[in-house]
Amino acid sequence: MAERVLITGGAGFIGSAVANRLAATGKEIWVLDDLSFGVRELAPVPDERFLRIDIRDQRSVEDAIARIAPAQVLHLAAVHFIPYCNAHPVEAADININGTIHVLDACAIVGDVRQVFVASTAAVYPIANEAMSEEHPTGPLDIYGTTKLATERFASDFALRTGIATIVGRFFNAFGPNETNPHLIPEIQRQVRAGQRVLRLGNLEPKRDFIHTSDMANAMDALLGAGLRGYHVFNIGRGIEYSVREVVEAFERQLGEPLRIEVEEKRVRKVERLHLLADVGKLKRATGWEPQWSIDEGIATLLNEPLLAWKGEHA
Ligand SMILES: NC(=O)c1ccc[n+]([C@@H]2O[C@H](COP(=O)([O-])OP(=O)(O)OC[C@H]3O[C@@H](n4cnc5c(N)ncnc54)[C@H](O)[C@@H]3O)[C@@H](O)[C@H]2O)c1
């Protein structure tokens, strides 16, 4: 019988990529998502395996996990657009912290779960100029990073009290098709596809480690298959950082046209780190994983991809 996998947030940007990846390996995928940011059509499951549930609703989460009895649970449901979390700190804490507790507690009760993966973020790291390894002390700068650091602590406590193998993935900056939030790359994609050749952007100097969602999905699959026991934290990034200017240059190369940039004051973030780079040595040593997608290859496909309409008030 195919192994059952439940993915919370599986109608989202990264959740749908990993759902597709695991489905291709023969697993039976179930998705739990409230569709607040995600899109039903992105979740590659039939209706009977799609559960529209808010993870803040403890009873519904418990009932769903008891009914599905999954062997693996990948918990990706969260709010993560940083300006949204800053504007709605109580909601962000409720979903990212309490929602995670509900999912983990349900996994502890049902008895079938043998492995849990919890999505965290590079935003748990403090400002630093070097590549971040998992041993680097944490120090989030914002509400989002703080909620995710709490998520990690609850995941570690869960692993200790249940003995269930638990992996935390600290995701760096994902890019690829079906982006659900107006991050930098889909914003440039939107402006370029609308015919703009003068881009209106915010801070230009910050560098980020952009990793394609397909590489992320492969990394998660590899970690789930690595036979890990206990509690482990892994960075999931590409190990290369690009500034906003360099991302625009990659768009120029793929378009074959020059792009000008105008800095728009209202887009400039007041608190901004200049670097956020992953040391992915631990991930590579544990799994043999290697990224396949370069920034240019990823951007080339985005120029032909339709964009999703953003949901919620950040639209
Ligand atoms: N995109 C990135 O670059 C990035 C970087 C670091 C970490 N992450 C983490 O990766 C995970 C997935 O992010 P994503 O980029 O795919 O974002 P996303 O918004 O596309 O995915 C999150 C999904 O969770 C669902 N969700 C939100 N609140 C919910 C609730 N209360 N109940 C049930 N479902 C709910 C949304 O509808 C959405 O489908 C998140 O945990 C996020 O914090 C993402």
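Colleague: How many nonpolar, polar and charged residues does the shell around the ligand have by class?

Modeller: In this predicted model, the shell around the ligand divides by class into 14 nonpolar, 11 polar and four charged residues. There are 29 residues around the ligand, and those that come nearest are Gly9, Gly12, Gly38, Ala78 and His80. Two or more residues of the shell are given by each of helix H1 (13-24), helix H4 (89-110), strand S5 (115-121) and strand S7 (173-175), and the largest share, three residues, comes from H1.

Colleague: What makes Gly9 count as polar and Ala78 as nonpolar in such a tally?

Modeller: The classes place Ala with the nonpolar residues and Gly among the polar ones, and both Gly9 and Ala78 are among the residues that come nearest to the ligand.

Colleague: Why is the protein called as compact as a globular protein of its length?

Modeller: The protein has 10 helices and 13 strands. Its radius of gyration is 19 Å, and the globule rule gives 20 Å for 315 residues, so the two values are close and the description as compact as a globular protein of that length follows. The C-alpha atoms fill a box of roughly 55 × 40 × 40 Å along the principal axes, and buried residues make up 45% of the 315 residues. Among contacts between residues at least 6 apart in sequence, 80% join residues at least 24 apart.

Colleague: Which domains is the protein divided into, and what separates their centres?

Modeller: The division is into domain 1 (4-174 + 210-236) and domain 2 (179-208 + 242-272 + 293-314), and their centres, taken over C-alpha atoms, are separated by 26 Å. In the contact between them, 15 residues of domain 1 meet 13 residues of domain 2. On the side of domain 1 that touches domain 2, the elements that give two or more residues are helix H3 (82-87), strand S10 (210-212) and helix H7 (213-224), and the residues of that side divide into eight nonpolar, six polar and one charged.

Colleague: Which residues have the most contacts inside the largest nonpolar core, and which domains does this core draw on?

Modeller: The largest nonpolar core has 87 residues, and Ile7, Val18, Val31, Met216 and Val247 are those with the most contacts inside it. At least three residues of this core come from each of domain 1 and domain 2. Leaving aside residues up to four places away in sequence, Met216 touches Ile14, Ala17, Phe171, Ala174, Ile211 and Ile236. As a general matter, nonpolar side chains in soluble globular proteins tend to be buried together.

Colleague: Which residues of helix H6 are buried, and what do they pack against?

Modeller: In helix H6 (residues 184-193) the buried residues are Leu184, Ile185, Pro186, Ile188, Gln189 and Val192, and they pack against S7, strand S8 (198-201), helix H8 (244-255) and helix H10 (295-302). Just after H6, Gly195 takes a positive phi of about 95°.

Colleague: Why is Ala194 called exposed?

Modeller: Ala194 has 8 other C-beta atoms within 10 Å, and a residue is exposed if that count is 12 or fewer, so Ala194 is exposed. Ala194 has its place in the loop between H6 and S8, and its C-alpha atom is 42 Å in space from that of Gly225, although the two are 31 residues apart in sequence.

Colleague: Why is Ala69 called exposed, and why is Leu35 called partly exposed?

Modeller: Ala69 has 12 other C-beta atoms within 10 Å, and the limit for an exposed residue is 12 or fewer, so Ala69 is exposed. Leu35 has 16 such atoms, a count between that limit and the 20 or more required of a buried residue, and therefore Leu35 is partly exposed. Ala69 is found in the loop between helix H2 (58-68) and strand S4 (72-75), with a positive phi near 50°, whereas Leu35 lies in the loop between strand S2 (28-32) and strand S3 (50-51), with a positive phi near 60°.

Colleague: How do you know that Leu255 is partly exposed?

Modeller: The count for Leu255 is 14 other C-beta atoms within 10 Å, and because the partly exposed class lies between 12 or fewer and 20 or more, Leu255 is partly exposed. Leu255 has its place in helix H8 and touches Val192 and Leu303, not counting residues up to four places away in sequence.

Conventions
Residues are numbered from 1 along each chain as its sequence is written. This is a predicted model: local features need pLDDT of at least 70, side-chain atom pairs count only at pLDDT 80 or more; totals for chains, interfaces and linings use all residues. A residue is near a molecule or strand if its C-beta atom, placed from the backbone, lies within 6 Å of it. Helices (H or I, at least four residues) and strands (E, at least two) are DSSP runs, numbered from the N terminus. A nonpolar core is a set of buried Ala, Val, Leu, Ile, Met, Phe, Trp, Tyr and Cys residues joined through C-beta atoms within 7 Å. Domain bounds come from an automatic or database domain assignment. Two residues are in contact if their C-beta atoms, placed from the backbone, lie within 7 Å. The radius of gyration is taken over C-alpha atoms; the globule rule is 2.2 Å times the number of residues to the power 0.38.
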